[in-house]
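New to this one? Here is a quick, informal tour, grouped by topic so you can follow along with the picture.

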Amino acid sequence: NRSARYLAWQKLHAMGADAEPALLSLYQDENPRYRARALWLLGKIEGRGAFYVERALNDDNADIRCTAIRLCKQLGLSVANVCGDAASDSSAAVRRELAVALRFDESDVMPNIWAKLAMQYDGADRWMLEALGIGSDLRADECYAAWMKANQGDWNTPAGRDLVWRLRTDDAAAKTVELIA
């Protein structure tokens with residue numbers, strides 16, 4: 001029942017650090033849905049958000065790692081700085097979540113984290129291509145430059161052609177013209 005869950009969430013959230021032991025117990029449950037709900041509340045405890053985001057990023061469950069990235073974003077933390085290591089995650093879902101979450105990140109390391117994700121794009125995962133596009137749209141020039149540096153100018157591959165097509169920069173448009181010609 002969603003209304004009961006809402007009331008429980010509000011009560012636990014209002015308790016703050018006093019609810020932490022019970023929430024930690026719930027976070028140990030084998031049901032990932034319960035664990036994600038506990039994580040969401042644990043991350044909202046004053047001064048504990050970054051701690052629980054980092055803890056969840058090391059979880060065995062990819063859904064919990066995705067939740068950690070979403071929580072990081074909602075807490076207003078720099079996704080690139082806090083979750084940047086997730087660019088090497090074994091789960092494509094986590095890497096896609098990170099790519100989308102980078103969209104509003106204003107940190108200096110964001111383009112390099114985005115480029116690391118782009119270097120792993122295989123040319124077959126259309127969801128990843130769109131996630132990379134969404135993540136780069138507000139800083140497309142910087143992301144494009146970081147990607148070109150990372151690939152040492154070797155962009156003319158199936159994956160590279162997809163990225164050139166998706167990125168919204170003048171330099172990428174020029175590469176698209178080269179492909180058409």
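Let's start with helix 3 (residues 32-43) and helix 4 (residues 49-57), which pack with their axes 8 Å apart at an angle of about 150°. That angle makes helix 3 roughly antiparallel to helix 4. Keep in mind that this is a predicted model.

**More on helix 3 and helix 4**

- On the helix 3 side, the contact is made by Leu39, Leu42 and Gly43, and on the helix 4 side by Gly49, Tyr52 and Ala56.
- Sorted by type, the residues of this contact between helix 3 and helix 4 come out as four nonpolar, two polar and no charged.

**The chain as a whole**

- You'll find 12 helices and zero strands in the chain.
- Read along the sequence, then, the pattern is α-α-α-α-α-α-α-α-α-α-α-α.
- Taken along the principal axes, the C-alpha atoms of the chain fill a box of roughly 65 × 30 × 25 Å.
- The chain has 181 residues, and 44% of them count as buried.
- Take the contacts in the chain with a separation of 6 or more: 63% of them are between residues 24 or more positions apart.
- For one long reach, look at Asp63 and Thr157: they are 94 residues apart along the chain, and their C-alpha atoms are separated by 31 Å.
- Asp63 itself is found in helix 5 (residues 62-74), and at 52% relative accessibility it counts as exposed.

**Helix 10 against helix 12**

- The axes of helix 10 (residues 140-150) and helix 12 (residues 170-180) come within 9 Å and cross at roughly 60°.
- With that crossing, helix 10 and helix 12 are oblique to each other.
- Helix 10 brings Asp141, Tyr144 and Met148 to the meeting, while helix 12 brings Asp170, Asp171, Ala172 and Lys175.
- The mix in this contact of helix 10 with helix 12 is three nonpolar, no polar and four charged residues.

**What helix 8 and helix 11 tuck away**

- In helix 8 (110-120), the buried residues are Met110, Pro111, Ile113, Trp114, Ala115, Leu117 and Ala118.
- Among the elements covering those buried residues of helix 8 are helix 6 (79-83), helix 7 (92-101), helix 9, helix 10 and helix 11.
- Over in helix 11, Ala159, Gly160, Asp162, Leu163, Val164 and Arg166 are buried.
- The buried residues of helix 11 pack against helix 8, helix 9 (126-136), helix 10 and helix 12.

**Asp162 up close**

- Asp162 lies in helix 11 (residues 158-166).
- Is Asp162 buried or exposed? It is buried, with a relative accessible area of 18%.
- Who touches Asp162? Leaving aside neighbours within four places in sequence, Asp162 is in contact with Tyr121, Gly123, Arg126 and Leu129.

**Cysteines without a bond**

- How many disulfides does the structure hold? The count is zero.
- Why is there no bond between Cys72 and Cys83? The sulfur of Cys72 has its closest cysteine sulfur in Cys83, but at 3.7 Å that is too far for a bond, because a disulfide needs the two sulfur atoms within 2.5 Å.
- Cys72 is buried, at 0% relative accessibility.
- Cys83 is buried too, with a relative accessibility of 0%.

**Aromatic rings**

- Searching the whole structure turns up two aromatic pairs.
- One of them joins Phe51 and Tyr52: the ring centres are 4.9 Å apart and the planes sit at 80°, so the pair is edge-to-face.
- Phe51 is partly exposed, at 42% relative accessibility, whereas Tyr52 is buried, at 2%.
- Tyr52 should look familiar: it is one of the helix 4 residues in the contact with helix 3.

**An unusual backbone angle**

- Most residues other than glycine have a negative phi.
- Gln152 is not a glycine, yet it has a positive phi of about 55°.
- To find Gln152, look in the loop between helix 10 and helix 11.
- Gln152 counts as exposed, at 75% relative accessibility.

Note on methods: Residues are numbered from 1 along each chain as its sequence is written. This is a predicted model: local features need pLDDT of at least 70, side-chain atom pairs count only at pLDDT 80 or more; totals for chains, interfaces and linings use all residues. Side-chain values use heavy atoms; hydrogens and water are left out. Buried means under 20% relative accessible area, exposed over 50%, partly exposed in between (1.4 Å probe, protein chains only). Axes are lines fitted to C-alpha atoms, for helices over the stretch in contact, and angles run from 0 to 180 degrees between N-to-C directions. Helices (H or I, at least four residues) and strands (E, at least two) are DSSP runs, numbered from the N terminus. Angles under 35 degrees count as roughly parallel, over 145 as roughly antiparallel, 65 to 115 as roughly perpendicular and the rest as oblique. Contact means heavy atoms within 4.5 Å. Ala, Val, Leu, Ile, Met, Phe, Trp, Tyr, Cys and Pro count as nonpolar, Asp, Glu, Lys and Arg as charged, and the others, Gly among them, as polar. Rings of Phe, Tyr and Trp (its six-membered ring) pair if their centres lie within 6.5 Å; planes under 30 degrees apart count as stacked, over 60 as edge-to-face and the rest as tilted.
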